[in-house]
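The exercises below are to be worked with the sequence and the coordinates at hand. Each task is followed by a solution that proceeds step by step.

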Amino acid sequence: MSGLFSAAFLRQIGWDIDVYERSEVELVGRGAGLVAHPELFAALNACGAGTRDLGVEVPKRITLDHHGDITGERPLQQTVTSWDRVQGLLRETIDPAHHHLGHAFERVEQDGRSVRVHLAGGRVEVADLLVGGDGIRSSVRGQAAPDIQPVYAGYYIWRGAPNEADLEPETLNTIFPYFAFYLPERQEVMTYPIPGLNNDLRPGRRRHNFIWYRPASKEQLREMNVDENGRQHEYSVPPPLVRKDLIAQMHADARKIMPPVLLDCVMKIPQPFITPIYDFTPESIIFGRIAMVGDAAACTRPHMGFGVSKAGGDAQALARALRDFDDIDTALKHYNAERQPIGNIIVMHARKIGTHLGEAPRTEEDRKMWELFRHDSAMMDWIAVPHFLDAYR
């Protein structure tokens, strides 16, 4: 997503751009949901992708107790969408001749005026600038700044997206149209509707995004990162390879603590998968003629649902700096000065929200946040709310 945003914005200011994806197939079919913050709307419109049929409108937020009774609500109109839909809109802005699949990054050399990028298979590209938009496990950042490593937060997510048509009538009536929250001890569950496959927004064809935060030690995470074939993964297991015994145990745990409407969601997820939570924030997001954007620049925990919005903001700021300054190196310094502090703020803000999920609180502020998030109302007031950055300006 970061690479597509960057290409769209840089093309607007007259740059020749090529996007290289390490995946050999188009990145479609990802069921993850995301929140369309005002910043995402602004970035999509500004880069030319637009926001047509972006997602599902939710009118309010609700909280549930163990029995499934509604314990609180907040009116908050929001658009919620899917990774698929945003990626599809951005993909349409890129000429297929400049979008290359199956080209993994290997290394980069730079001489102060240009970069020489080596890709798997022997391909070499020479350019004025390399944009690293390859996510939290960025290969580009791994070479440019190997000391910057993602830090495990002490918890992970079970997630998935059951089809609207598969859910029980009680689930559809009680929680499906809303942003719903449930707060077990040291855990957190949230759900909301998202477009169906191929961005289908018709009632009955949509999906229900399900997110369940759970704590786990580093040792437990390492054990979960062994896949169905016995292979150990460093960060996470690809969804189709999540072990069946882990899914069975997750189902058993859900039966013990989930309200009936949420248990219905859990049991209807076609392919549950695990997302371990990491974050990091660096002192710089430029390294010579290398500029990092999105999660590759600074990755935040997903409590604000702001990752794609941040990617759009990073890409727009990078293009603006390169437009406003004739000298590329000066432009990159201005980009770093603008976006590195914002990335840092977002990471620190999300850490506050996740205090009650990870390790025991260490500071007085952590203890206050831990106590705050023992109450349902805090979830509605803090998680994935729009305009949260305004408090830091």
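**Exercise 1.** Which residue in strand 8 is the bridge partner of His118?

Solution. The model is a predicted one, and the search begins with the pairing of strand 7, residues 115-119, with strand 8, which runs in the antiparallel sense over four bridges. Within strand 8, the bridge partner of His118 is Val124.

**Exercise 2.** Determine the order of the open sheet that contains strands 6, 7 and 8, and explain what its edges lack.

Solution. The three strands form an open sheet in the order 6-7-8, with antiparallel pairing. Strand 6 (105-110) and strand 8 (124-127) stand at the edges and have a single partner strand each, so one side of each is left without a neighbour in the sheet. Neighbouring strands of this sheet are turned by 20° against each other on average, direction ignored.

**Exercise 3.** Describe how strand 14 is paired with strand 10 and how far strand 14 is covered.

Solution. Strand 10, residues 151-160, pairs with strand 14 in the antiparallel sense over six bridges, and Thr275 in strand 14 is the bridge partner of Ile157. Strand 14 (residues 273-279) is mostly covered, since six of its seven residues are buried.

**Exercise 4.** Which element gives the most residues to the lining of the second largest pocket?

Solution. The second largest pocket holds about 550 Å³ of space, and among its 24 lining residues the closest to its centre are Ala153, Arg301, Gly358, Glu359 and Arg362. Two or more residues come from each of strand 10, helix 10 (328-353) and helix 11 (364-372), and strand 10 gives the most, with four residues. By class, the lining has nine nonpolar, five polar and ten charged residues.

Methods
Residues numbered from 1 in each chain as written. Predicted model: local features only at pLDDT ≥ 70, side-chain atom pairs only at ≥ 80, totals over all residues. Heavy atoms only, no water. Pairing = 2+ DSSP bridges. Axes fitted to C-alpha atoms, helices over the stretch in contact; angles between N-to-C directions. Buried < 20%, exposed > 50% of the residue type's maximum accessible area, 1.4 Å probe, protein only. 1 Å grid on protein atoms, 1.4 Å probe; cavity = no way out; pocket = protein on both sides within 12 Å on 5 of 7 lines; lining within 4 Å. Points joined across faces, edges and corners; volume = space filled by probe spheres on them. Nonpolar A, V, L, I, M, F, W, Y, C, P; charged D, E, K, R; others polar.
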